[in-house]
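Me: Please take a close look at a single helix in this model, and then follow the packing outward from there. I would like the reasoning spelled out with care.

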Amino acid sequence: MRKSFLAENPSVLWFIAILAVFTLVVTLLSEVTGVGLISTSFVKTLGKTLCLCLVAIAMDVVWGYCGILSLGHFAFFGIGGYAIGMWLMYARTEGIVIESFAGQPIPPTPQEVSDAIGNQIFGVVGSSEFPLIWGFADSLFLQLLMVVLVPGLLALVFGWLAFRSRVTGVYLSILTQAMTLALALYLFQNDSGLRGNNGLSGLQNIPGFEDASQASISIVFFIASAVALAAGYVFFAWIVSGKMGSVIKGIRDNEARVRFLGYHVESYKLFVFTTTAVVAGIAGALYYPQAGIINPGEIAPIASIYLAVWVAIGGRGRLYGAVIGAAFVSLLSSWFTGGGAPDINLGFYVIQWTDWWLVLLGFSFVAVTLFFPKGIGGLFDLLVRKQS
Amino acid sequence: MSMLLEVSGVTVTFDGFRAINNLSINFAPTELRAIIGPNGAGKTTFMDIVTGKTKPDTGHVIWGDRNISLLGMSESQIAREGIGRKFQKPTVFEAQTVRQNLAMALKNPRGPFAVLMHKKTRSNAERIEAIAGQVGLSDSLTRVAGELSHGQKQWLEIGMLLAQEPRLMLVDEPAAGMTPEEREKTTDILKEAAKTRAVVVVEHDMEFVRRLDCKVTVLHEGAVLAEGSLDHVTSNQTVIDVYLGRAHA
């Protein structure tokens, strides 16, 4: 009677196995082992893609399973990035400042050190004072806590207000867009305390590992991203497979019915919204050290919409669908916009993919929605049906 | 005998229209009751009030042995108090199996944490199988609810209601769209359920009400017009004028 959750969900084991093999192959072919078939920059791209897959499965749980079309989950991703970025930037600048003071006959006072760090970090926005929100920036542990706590608390408060008032459907989507837009606009300001539109940079340099090459740092982050994706996948698969999954899917299909069964729907929505926001924050904290830079543009409303597009193209309501969608579309996107795709000369007009990629993506989204509502993941149903 | 549910002096107005007009109606702990009335008589609004979906302008809704008021409670709290509702259109979770539907409805702790940590147990499985047997879905437990016939969906929803173990079942047009054999079976299920709890059936179909063979309340313009046996109310001249006369005209 009591089968373990993994035995009932063989797709989870398949996913972990494929991810493990992929991680191993990439590691072996990277520059770290000396093979060098995969360049360090491509390892970073792959590592970032894994983080995008992680935030995509969070999006799939909140939208595909629970029916809440949140168009603000990339904001939580960005907050996670900012939270880890603050420590990375502070700790690294501190190291540089202390080194520069080393030659002086009189050792600097702590105030001088702090001023010098502040000057280095906030000089670009014409300030040298540490804003209040940088209070924990000197502690890796506390900033890691922030990676989880800030998105979690924001989602909890926002979700509580929205769900309590029974805001649903398109109205909720608009509210979440407003939230991410407000956050981006706030961060764009120079006096936001997070360097305005400059954002946080130099995040690829990990304090304490100054001697390590980017090749080995990138592999460490790549593996860490793969482990996080695997853990997130198992965690969400566990949530959506049992009775919790029944209730969540019930809320998606008929919220009122679930309520009349005696379930407090708002608590469930809040649980899903907050947990997925926390996972999005963790994904962001792994993504931005690989990207090297985070600025408010990353949190722009369009980013959260892309997230929904990935999940829709990959296939809503199945976790591997979200992974496929995020990986496929984001890699294709960097191929097209990075000049990988050859321009097409029509004689009278040259189609440059850097400009036309968005048009192509838009059409694909419309086509998938109209003709393949199950997305790419739906192809697996055909395979399974053929076998049986 | 103390009442399970006492509705007294309830009035609801929608944009100036009095959907419920000073309605008073009581239900005993174990009884089968049919509520009939023309369209717009306030039958569904009455259910909405009892289940917490609609808040009345005035009046009292008193529940249970402790005489608590249902008016300040949310839909889910009222459901946990022991009031189950079946909708007019069968509303089951079509993407999930019959077993999952019943498991969700089964009386168990309803908090998110309890649900997250929920383990499938032998006793729960037995309860689900017993209920499936009661509503004739024993062979369909692993089927997806969306594949069921219309009548089977109605039974599944009644089964979900039974699984909640409510003390009061509000059932909106359970026989709609059913074949005569299915109706007969539905009558049996409801009569059986009413032995241990109150079952209130809202119905249009006089033939079905006759089969139920129970006390009947006639609603008209948001108030009780007549109450008693079916023969009693159908011989009432006002009832004939406002409801039956119109129906047979």
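Reply: In this predicted model, helix α5 of chain A runs over residues 110–122, and because each residue should add 1.5 Å along a helix, counted as one less than the number of residues, its 13 residues should span 18 Å, which agrees with the 18 Å that separates its end C-alpha atoms. Within α5(A), the buried residues are A:Ile117, A:Ile121 and A:Phe122. Viewed down the helix axis, the buried residues of α5(A) fall within an arc of 105°, and they therefore line one face of the helix. The background to this is that an α-helix has 3.6 residues a turn, so residues three or four places apart point the same way. What the buried residues of α5(A) pack against is α4 of chain A, residues 73–101.

Turning to the nonpolar interior, the largest nonpolar core holds 181 residues, and A:Val55, A:Ala56 and A:Ile57 are those with the most contacts inside it. Once its neighbours within four places in sequence are left aside, A:Val55 is in contact with A:His73, A:Phe77, A:Ala280, A:Ala283 and A:Leu307.

As for the contact between the chains, 22 residues of chain A and 25 residues of chain B take part in it. On the side of chain A that touches chain B, α9 (243–253), α10 (255–260) and α11 (265–291) of chain A each supply at least two residues, and the largest share, seven residues, comes from α9(A). Sorted by class, this side of chain A has nine nonpolar, seven polar and six charged residues.

Note on methods
Residues are numbered from 1 along each chain as its sequence is written. Chains are lettered from A and ligands numbered from 1 in the order in which they are written. This is a predicted model: local features need pLDDT of at least 70, side-chain atom pairs count only at pLDDT 80 or more; totals for chains, interfaces and linings use all residues. Two residues are in contact if their C-beta atoms, placed from the backbone, lie within 7 Å. Helices (H or I, at least four residues) and strands (E, at least two) are DSSP runs, numbered from the N terminus. Ala, Val, Leu, Ile, Met, Phe, Trp, Tyr, Cys and Pro count as nonpolar, Asp, Glu, Lys and Arg as charged, and the others, Gly among them, as polar. A residue is buried if 20 or more other C-beta atoms lie within 10 Å of its own, exposed if 12 or fewer, and partly exposed in between; C-beta atoms are placed from the backbone. The arc is that of the directions from the helix axis to the C-beta atoms. A nonpolar core is a set of buried Ala, Val, Leu, Ile, Met, Phe, Trp, Tyr and Cys residues joined through C-beta atoms within 7 Å.
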